[in-house]
Amino acid sequence: MSVHHGESAVRPEPDKVLKDIADYVHHYQVTSELALETARLCLIDTIGCGLEALRFPECTRLLGPVVEGTIVPNGTRVPGTNYQLDPIRGAFNIGTAIRWLDFNDCFLAAEWGHPSDNLGAILAVADHLARRGQSLTVRDLLESMVKAHEIQGGLALLNSFNRVGLDHVVLVKVASTAVVSKLLGLTHAQTIDAVSQAWVDGQSLRTYRHAPNTGPRKSWAAGDACSRAVNLALLVKKGEIGLPSVLTAKHWGFYDVLFKGKEFRFQMPYGTYIMENVLFKISYPAEFHAQTAVEAAVIIHDKLRAMGKSSDDIKSVRIRTQEAAIRIIDKQGPLDNFADRDHAINYMVAYPLIFGELTSNSYTDEAAADPRIDSLRAKIHCVENQAFSVDYHDPAKRSIGNALLVELNDGTVLDEVVVEYPIGHRTRREEGTPLLIEKFKRHISRHFSEAHQKKILETVSDKKQFPNLAVDRFTDLFVKA
């Protein structure tokens with residue numbers, strides 16, 4: 001007869017990963033001017049992306065309170081709307097709008113993601129607290145963004161969640177939980193508890209990002225993660241305890257259950273690297289692995305027009321790309337919805353080859369009905385370029401290279417167009433920043449009068465005074481009456 005002595009009920013010290021996150025959130029001082037200036041650009045760009053999404057009813061039908069007509073006293077205000085919500089629902093609303101068009105920032109490593117997704121949680125909590133009288137300024141937003149970026153990106157550098165089937169929004173949930181815990185006044189120990197709750201929370205599968213199941217859930221997954229983060233932090237604030245070995249517990253911990261028994265690896269300590277190296281989507285609302293391919297396609301479109309030819313004259317298109325792009329966005333066959341199209345590299349290349357542009361409207365059913373698109377898609381194929389794959393992971397480069405080689409029906413082969421760094425890359429920041437501001441101007445122009453647009457631009461451009469602006473006054477700039 002075997003004797004089983006039972007599992008030890010002695011609660012261990014918290015996992016080091018939890019403590020390191022709490023240490024960073026509570027003790028690290030953000031002094032990098034580059035990080036803070038990049039965060040300022042990121043803040044206004046992210047707000048603009050959320051405003052642009054409000055033009056699409058597929059997004060707006062998901063927004064607002066759970067019970068129509070509910071107005072929460074001192075509630076979170078949602079930019080571009082008149083909603084006044086509890087911070088949990090506010091985080092879902094803001095986070096969903098931000099991510100809807102796949103036009104906000106990006107960071108690519110072993111795991112991919114969009115660190116500005118965390119603004120859904122950060123702004124929802126900060127705005128609510130400011131309306132309750134807590135002294136919070138734009139500087140607090142910027143510092144929280146830098147730290148959320150760093151936590152999400154730091155975890156992503158060497159740890160591939162996608163390879164075990166998990167979606168990257170798990171990192172949004174973890175990062176957002178950590179930074180809103182600090183905003184909510186949780187102690188260091190409570191922040192550890194809250195972050196542990198984020199790791200044990202049911203994690204999203206990547207199913208909704210991949211054929212044949214690609215669908216709009218990928219556009220509200222980050223909003224859902226933001227709302228979960230706020231909810232978990234508030235539960236801990238009310239006394240909920242944590243799970244100290246949530247990652248390392250044998251059999252039942254995250255590593256054994258969801259990460260094939262592997263522990264997380266880290267390339268560097270938390271600092272400001274991720275915000276300083278974040279990638280902005282400036283010219284095209286396209287999944288980031290295709291950004292340079294789209295840029296190359298526009299160049300080829302203009303070249304064809306100069307030759308007196310068009311996409312009708314194309315026989316074949318070869319895309320040399322990174323391994324990550326082939327795994328995520330190389331799709332064949334029918335694309336059934338907006339979310340399917342903005343994650344298909346052959347669609348994102350075919351469209352600008354035909355029309356010379358790629359906008360948010362390019363993915364609608366109406367736009368996709370043009371038979372030339374699928375005809376050209378069938379002529380496009382991808383191959384992995386090893387150098388692009390290596391440079392993609394090189395911390396000194398982090399390029400996202402694509403190269404297009406086009407052959408015409410008459411046998412002419414055009415010079416291959418190679419673009420290694422998108423305009424939103426740190427190496428092109430000087431070139432890209434004015435265009436990022438123009439993007440923001442376009443996004444606010446569809447919502448506000450010229451006089452109010454001028455007021456917004458003057459406020460966010462005043463680098464000296466803008467950080468001192470109260471959070472609720474910042475949010476009020478974007479509220480609809």
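## Pocket, cavities and sheet of a predicted model

Helix α10 provides three residues to the lining of the largest pocket, the largest share of that lining. The structure discussed here is a predicted model.

### The largest pocket

The volume of the largest pocket is about 420 Å³. A set of 22 residues lines this pocket, and those closest to its centre are S245, V246, A249, W252 and G253. Two helices, α8 (188–200) and α10 (254–258), each contribute at least two residues to the lining. Sorted by class, the lining of the largest pocket comprises 13 nonpolar, five polar and four charged residues.

### Enclosed cavities

The model holds two cavities of 30 Å³ or more. The largest cavity encloses about 90 Å³ of space. Its lining consists of 13 residues, and W112, H114, H168, E287 and H343 are the ones nearest the centre. By class, the lining of the largest cavity has three nonpolar, five polar and five charged residues.

The second largest cavity has a volume of about 50 Å³. The residues I47, G50, L51, V78, P79, I94, A97 and I98 form its lining. Helices α2 and α4 (87–99) each supply at least two of the residues that line the second largest cavity. Seven of the lining residues of the second largest cavity are nonpolar and one is polar, while none is charged.

The table sets out the volumes and lining classes of these spaces.

| Space | Volume | Nonpolar residues | Polar residues | Charged residues |
|---|---|---|---|---|
| Largest pocket | about 420 Å³ | 13 | five | four |
| Largest cavity | about 90 Å³ | three | five | five |
| Second largest cavity | about 50 Å³ | seven | one | no charged |

### The four-stranded sheet

Four strands make up an open sheet with mixed pairing, arranged in the order β6-β5-β7-β8. The edge positions belong to β6 (380–384) and β8 (417–419); each of these strands has a single partner, so one side of each lacks a neighbour in the sheet. From one strand to the next, the twist averages 20°. In general, the strands of a sheet pair through backbone hydrogen bonds, in either a parallel or an antiparallel manner.

Strands β5 (residues 314–321) and β7 (residues 402–408) run antiparallel and are joined by six bridges. Within this pairing, V317 is placed opposite V406 of β7.

Two helices lie across strands of the sheet. Helix α12 (residues 291–306) lies across β5, β7 and β8, and runs at about 30° to β7. Helix α15 (residues 345–355) lies across β5, β6 and β7, and its direction is at about 130° to β5.

### Backbone geometry in loops

Several loop residues deserve attention for their backbone geometry. The peptide bond that leads from A211 to P212 is cis, with omega near 5°. P212 is located in the loop between α8 and α9 (217–237).

N74 is not a glycine, yet it has a positive phi of about 55°. This residue belongs to the loop between α3 (57–60) and β1 (76–77). N74 has a relative accessible area of 37% and is therefore partly exposed, a class that lies between the limits of 20% and 50%.

K260, also a residue other than glycine, has a positive phi near 55°. The loop that holds K260 runs between α10 and α11 (273–276). The relative accessibility of K260 is 65%, and the residue therefore counts as exposed, for which the cut-off is over 50%.

### Two further positions

Q29 and S227 serve here as examples of an exposed residue and a buried residue. Q29 lies in the loop between α1 (16–27) and α2 (33–53). With a relative accessibility of 58%, Q29 counts as exposed. Although 114 residues separate Q29 from E143 in sequence, the C-alpha atoms of these two residues are 8.6 Å apart in space.

S227 is part of helix α9. Its relative accessibility is 10%, so S227 counts as buried; the limit for that class is under 20%. Leaving aside residues up to four places away in sequence, S227 touches I88, A91 and F92.

Note on methods: Residues are numbered from 1 along each chain as its sequence is written. This is a predicted model: local features need pLDDT of at least 70, side-chain atom pairs count only at pLDDT 80 or more; totals for chains, interfaces and linings use all residues. Side-chain values use heavy atoms; hydrogens and water are left out. On a 1 Å grid over the protein atoms alone, a cavity is a set of points where a 1.4 Å probe fits but cannot get out, and a pocket is an open set with protein on both sides within 12 Å along at least five of seven lines; lining residues have an atom within 4 Å of a point. Grid points are joined across faces, edges and corners, and a volume is the space filled by probe spheres set on the points. Ala, Val, Leu, Ile, Met, Phe, Trp, Tyr, Cys and Pro count as nonpolar, Asp, Glu, Lys and Arg as charged, and the others, Gly among them, as polar. Buried means under 20% relative accessible area, exposed over 50%, partly exposed in between (1.4 Å probe, protein chains only). Two strands pair if DSSP finds at least two bridges between them. Axes are lines fitted to C-alpha atoms, for helices over the stretch in contact, and angles run from 0 to 180 degrees between N-to-C directions. Contact means heavy atoms within 4.5 Å.
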